[in-house]
Amino acid sequence: QVHLVESGGGLMQAGGSLRLACLASGVTLSDVPTAWYRRPPGNVEHFVAGIINDNRHYRDSVKGRFTISRDDTKNVLYLQMDDLRPEDTAVYYCAAANSRTYTGVFAYKGQGTQVTVAS
């Protein structure tokens, strides 16, 4: 059974930094595409960053501010978020695919962690 557990969210002032972590069990993150998504208040969920075939991909609005990385020894996915803005406020989810081949679908998703950025 696959479990993804996010941590590291919280309240931060604009311009600050947070690092989210996603601890995985039941899936080896280095074997599959992985990603971070977020759902802003009153909005739909959208892609934030991903590691697909060892390439990093980012949503335009976070490029240069967010960095996705992975610790394969711990099976943890990270999202370093710098220069946070109020519009980054959202519930952040990590996600993992269930096969090496990227199909656009991430079969596994965590429960999410709240990030709130105050202006």
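**Nonpolar core and the strands around S8**

In this predicted model, the largest nonpolar core comprises 30 residues, and those with the most contacts inside it are Trp36, Leu79, Met81 and Tyr92. Two or more residues of this core come from each of the strands S3, S4 (34–39), S5 (46–52), S7, S8, S9 (90–96) and S11 (113–118). Strand S9 supplies the largest share, five residues. In soluble globular proteins, nonpolar side chains tend to be buried together.

Strand S8, which spans residues 76–81, is mostly covered, with five of its six residues buried. Pairing of S8 with strand S3 (residues 18–25) is antiparallel and runs over six bridges. Strand S7 (residues 66–71) also pairs with S8 in the antiparallel sense, over six bridges. Glutamine 80 in S8 stands opposite arginine 19 and also opposite threonine 67. Four residues lie between the strands in the hairpin of S7 and S8, where asparagine 75 adopts a positive phi near 60°.

Leucine 4 belongs to strand S1 (residues 3–7). The relative accessible area of leucine 4 is 9%, which is under the 20% cut-off, so the residue counts as buried. Leaving aside residues up to four places away in sequence, leucine 4 touches Cys22, Leu23, Ala24, Val27, Leu29, Cys94, Ala95, Ala96, Tyr108, Lys109, Gly110 and Gln111. For one of these contacts, glutamine 111, the C-alpha to C-alpha distance to leucine 4 is 7.6 Å, while the two residues are 107 residues apart in sequence.

Key
Residues numbered from 1 in each chain as written. Predicted model: local features only at pLDDT ≥ 70, side-chain atom pairs only at ≥ 80, totals over all residues. Heavy atoms only, no water. Buried < 20%, exposed > 50% of the residue type's maximum accessible area, 1.4 Å probe, protein only. Pairing = 2+ DSSP bridges. Core = buried A, V, L, I, M, F, W, Y, C linked by side-chain atoms within 4.5 Å. Contact = heavy atoms within 4.5 Å.
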